[in-house]
Amino acid sequence: MEDDYLARIGKLIRDARQHRGWTQSQLAEALATSQSAVNRIERGNQNISLEMIARIGEALDSEIVSLGYAGPMHLRVVGGRRLSGSIDVKTSKNACVALLCGSLLNKGRTVLRRVARIEEVFRLLEVLNSIGVRTRWINEGVDLEILPPAELDLDAIDADAARRTRSIIMFLGPLLHRTDRFTLPYAGGCDLGTRTIEPHMIALRRFGLEIAATDGLYHAQVDHEVRPDRPIVLTERGDTVTENALLAAARHDGTTVIRNASSNYMVQDLCFFLEALGVRVEGVGTTTLTVHGVPEIDVDVDYSPSEDPVEAMSLLAAAVVTESELTIRRVPIEFLEIELAVLEEMGVDCDRTAEYSADNGRTRLVDLTVRPSKLEAPIDKIHPMPFPGLNIDNVPFFAAIAASAHGQTLIHDWVYDNRAIYLTDLNRLGGRLQLLDPHRVLVEGPTRWRAAEMMCPPALRPAVVVLLAMMAAEGTSVLRNVYVINRGYEELAERLNSVGAQIEIFRDI
């Protein structure tokens, strides 16, 4: 019995290491042990303490086991079931984290409505609380109240929580106005290959911010005499880069022009929030933003972030791959128009209601009804582009959809170094995906999905794609360690169950 137990733990560790892209030697170095010891652990041939399992989980950013509270969450999926009824889209995860960072600009009370209760938000709240910001859930846990202290205690920052979210990088923009020197832990989050922060630095240097990166920390120093004297041209049209520049410009006492800016959904929500704070932003929805900053912000603000187009795409893909009729309500249509055009070309049968306004009064919503459809592979490859092109985060869902279509589909995920690799996990569920290079996958359909037990990919969207394929596969599948899904989705299993899925949450170890 003990040997079986050790073998199961060893398999979990091996899968987590391989998903991280590490060799046994790299894990051994992180643990200050030998490669042979790691090999014995993974083969189940070495006794291992709970403390060592926790250290391994921390090194691999994978909750293999957690000391002091329940272990990692897994999902048991009974597939082959049709979905039916209707389901609402939750508020945007990426908008919510940007607004949490943006709350650092305000000395007054900030209330954010219908905030996504997800792990990414929880990690940022832990960081905010650690530096003195008071937060509490109000209105039966639906809304979030944020009250800043007179002075932030940045020396007390929760480094562990900060390292588990890439969103911590967006603290740079607001913090550079509050102090001359500060330190932040390296940004974490999904394992998507090399993601340099240099574009952030290029933009924020124009506000006097200089960064030295050593020992897992960003050491920031601010020269408040430096001011942007000409337009800031972003070297990449990235969402978080644009948001950081906006956050820095918001309290710059003057006018800042940001060119090659992202016009994506979360950036627009942040612009609307800044306007509620008294910051005038011209060009919202375009690639040139003109920010009329104010040196002090001390207002009580109440803001409702809009719905999440990527979650809407997730639910749309769930209906397509399970051949279901499902109504998806509160879909931010302007951020899904290209995706829907491609899906209609592939043969997806979909109706939409007339448009209506989101609670922020600005974003356009519709309700979509998807029906079982006979799909054909698209003529052109699937590839992302900055908004208003096909959303970068929606590309992985086309892997599952293309696997349900007749013919071959080329998916070119050119933005991230590793994410396309994780899509080949669908092969363990019966998919036929051929990895051409780290960015391109050739998908052959249609697929007869089959059940399997596997480790959750360490990237959010590919992880959800695997879950959707399990929902389509006859039989019972197990998806282990779904923390990464909880980073971006609120109660996804429960909500899918409400429309006919059969997904059980369980823990072991």
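These notebook entries record what I looked up in a predicted model.

**Entry 1. The sheet**

I began with an open sheet of four strands and noted its order as β9-β10-β12-β11, with mixed pairing. I then asked which strands stand at the edges. They are β9 (232–233) and β11 (280–282); each has a single partner strand, so one side of each is left without a neighbour in the sheet. As background, I recalled that strands of a sheet pair through backbone hydrogen bonds, either parallel or antiparallel.

I next looked up the pairing of β10 with β12. Strand β10 covers residues 255–259 and strand β12 covers residues 288–292. I found them paired in the antiparallel sense, over five bridges. Within this pairing I followed one residue, Thr256, and found that its bridge partner in β12 is Val291.

**Entry 2. The helix on the sheet**

I then examined helix α10, which spans residues 239–250 and packs on the sheet. It touches β10 and β12, and its direction makes about 25 degrees with that of β12.

**Entry 3. Two helices side by side**

I turned to α10 and helix α11, the latter formed by residues 265–276. Their axes come within 9 Å and cross at roughly 10 degrees. Because an angle under 35 degrees counts as roughly parallel, I entered α10 as roughly parallel to α11. I recorded the crossing of the two helices as right-handed.

Which residues meet where α10 and α11 are in contact? From α10 I listed Asp239, Thr242, Glu243, Leu246, Leu247 and Ala250. From α11 I listed Met266, Val267, Leu270, Cys271 and Leu274. Sorted by class, this contact has eight nonpolar, one polar and two charged residues.

**Entry 4. Val291**

I returned to Val291, which is found in strand β12. Is Val291 buried or exposed? I noted a relative accessible area of 0%; since buried means under 20%, Val291 is buried.

I also looked up what Val291 touches, leaving out residues up to four places away in sequence. Its contacts are Leu246, Ala249, Ala250, Gly254, Thr255, Thr256, Ile258, Val279 and Arg280. Among them, Leu246 and Ala250 are also residues of α10 that meet α11. For a distant reference I took Ser34, which is 257 residues from Val291 in sequence and 54 Å from it in space, C-alpha to C-alpha.

**Entry 5. Cis peptide bonds**

I then searched the backbone for departures from the usual pattern. Most residues other than glycine have a negative phi, and most peptide bonds are trans.

I found a cis peptide bond from Phe387 to Pro388, with omega near 15 degrees. Pro388 has its place in the loop between β17 (364–371) and α14 (397–403). I found another cis peptide bond joining Gly445 and Pro446, where omega is about 0 degrees. Pro446 is in the loop between β20 (440–445) and β21 (453–455).

**Entry 6. Positive phi**

Where does Arg114 lie? I located Arg114 in the loop between β3 (110–112) and α6 (119–130). Although it is not a glycine, Arg114 has a positive phi of about 50 degrees. At 25% relative accessibility, I counted Arg114 as partly exposed.

I closed with Glu491, a residue other than glycine whose phi is positive, near 50 degrees. Glu491 is found in the loop between α17 (483–488) and α18 (492–497). Its relative accessible area is 48%, and I therefore entered Glu491 as partly exposed.

Definitions and conventions: Residues numbered from 1 in each chain as written. Predicted model: local features only at pLDDT ≥ 70, side-chain atom pairs only at ≥ 80, totals over all residues. Heavy atoms only, no water. Pairing = 2+ DSSP bridges. Contact = heavy atoms within 4.5 Å. Axes fitted to C-alpha atoms, helices over the stretch in contact; angles between N-to-C directions. Parallel < 35°, antiparallel > 145°, perpendicular 65-115°, else oblique. Left-handed = near helix turned anticlockwise from the far one by under 90°. Nonpolar A, V, L, I, M, F, W, Y, C, P; charged D, E, K, R; others polar. Buried < 20%, exposed > 50% of the residue type's maximum accessible area, 1.4 Å probe, protein only.
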